[in-house]
Amino acid sequence: MALKRVALEIGMGTDIRGGDYTKAAVRALRDALWHNSLTVATALGKSSDDMRVEVLIGVPQPSQVDKEQVLAVLPHGTGTVTVHEGGLEIANEAGTDKTIIAQAAAVVRLDL
């Protein structure tokens, strides 16, 4: 058997004030996951806990993301988190705060 991609979920998250990259990343993954219900695992005779999820996050400063907090969002299966440079950082007019916009992709695989 081999791991086969069965779903790709995409989301966006923000931290409007405070510049918290992890908060934006967590919200992006939740956005990707919470707008659907995957039944593909059970349809193929597998458990939802058999899913392997590769989480990809895009933010301007990847080192500022706590990968464990992002990974804790997954309700089923096991996963990995990779953070890439991307997203947006928008400073307020005074330059004292910023809004972070993160993108997330969850690549779901099953051993088929």
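This briefing describes the fold, the strand pairing, the core and a few individual residues of one protein chain. The model is a predicted one, and the chain in it holds three helices and five strands. Followed along the sequence, these elements come in the pattern β-α-α-β-α-β-β-β.

**Overall layout**

- Taken along the principal axes, the C-alpha atoms of the protein chain fill a box of roughly 55 × 25 × 20 Å.
- Of the 112 residues in the protein chain, 34% are buried.
- When contacts between residues at least 6 apart in sequence are considered, 76% of them join residues that are at least 24 apart.

**Helix α1**

- Helix α1 covers residues 21-33, and because a helix is expected to span 1.5 Å a residue, its 13 residues should span 18 Å, which agrees with the 19 Å between its end C-alpha atoms.
- At the N-terminal end of α1, D20 acts as a cap, with a side-chain oxygen lying 3.0 Å from the backbone nitrogen of T22.
- The buried residues of α1 are Y21, T22, A24, A25, V26, A28, L29, A32 and L33, and the elements against which these buried residues pack are β1 (3-15), β2 (52-59), α3 (67-71), β4 (88-91) and β5 (98-111).
- As general background to such a list, an α-helix has 3.6 residues a turn, so residues three or four places apart point the same way.

**The nonpolar core**

- The largest nonpolar core has 26 residues, and the members that touch the most other members are L29, V53, V55, I57, V59, V65 and V70.
- At least two residues of this core come from each of α1, β2, β3 and β5, and α1 gives the most, with seven residues.
- L29, which is one of the buried residues of α1, touches V55, V70, V73, L74, A104 and A106 when residues up to four places away in sequence are not counted.
- In soluble globular proteins generally, nonpolar side chains tend to be buried together.

**How the strands pair**

- Strand β2 pairs with strand β3 (residues 78-85) in the parallel sense, over eight bridges, and within this pairing V55 stands opposite V81 in β3.
- Strand β2 is also joined to β5, by seven bridges, and these two strands run antiparallel; here R52 stands opposite R109 in β5.
- Strands β4 and β5 likewise run antiparallel and are joined by four bridges, with T99 in β5 as the bridge partner of I90.
- The hairpin of β4 and β5 has six residues between its strands, and in this hairpin G95 takes a positive phi near 75°.

**Salt bridges**

- The structure holds two salt bridges, and as a general point, side chains of opposite charge can pair when their charged atoms come close.
- One salt bridge is formed by E54 and R109, whose closest N and O atoms are 3.0 Å apart; this pair links distant parts of the chain, since E54 lies in strand β2 and R109 in strand β5, 55 residues apart.
- E54 counts as partly exposed because its relative accessibility is 26%, and R109 is partly exposed as well, with a relative accessible area of 26%.
- E89 and K98 form a salt bridge in which the closest N and O atoms are 3.8 Å apart.
- With a relative accessibility of 35%, E89 counts as partly exposed, and K98, with a relative accessible area of 25%, is partly exposed too.

**Residue A41 in helix α2**

- A41 is found in helix α2, which covers residues 40-43.
- Is A41 buried or exposed? The relative accessibility of A41 is 4%, so this residue counts as buried, the cut-off for that class being under 20%.
- Leaving aside neighbours within four places in sequence, A41 is in contact with K46, S47, S48, M51 and L110.
- The C-alpha atoms of A41 and V6 are separated by 8.8 Å, although these two residues stand 35 residues apart along the chain.

Methods:
Residues are numbered from 1 along each chain as its sequence is written. This is a predicted model: local features need pLDDT of at least 70, side-chain atom pairs count only at pLDDT 80 or more; totals for chains, interfaces and linings use all residues. Side-chain values use heavy atoms; hydrogens and water are left out. The expected span of a helix is 1.5 Å times one less than its number of residues. Buried means under 20% relative accessible area, exposed over 50%, partly exposed in between (1.4 Å probe, protein chains only). Contact means heavy atoms within 4.5 Å. A polar contact is a pair of N or O atoms within 3.5 Å; within protein, one must be able to donate a hydrogen and the other to accept it, and residues adjacent in sequence count only if both atoms are side-chain atoms. Two strands pair if DSSP finds at least two bridges between them. A salt bridge is a side-chain nitrogen of Lys or Arg within 4 Å of a carboxyl oxygen of Asp or Glu. A nonpolar core is a set of buried Ala, Val, Leu, Ile, Met, Phe, Trp, Tyr and Cys residues joined through side-chain atoms within 4.5 Å.
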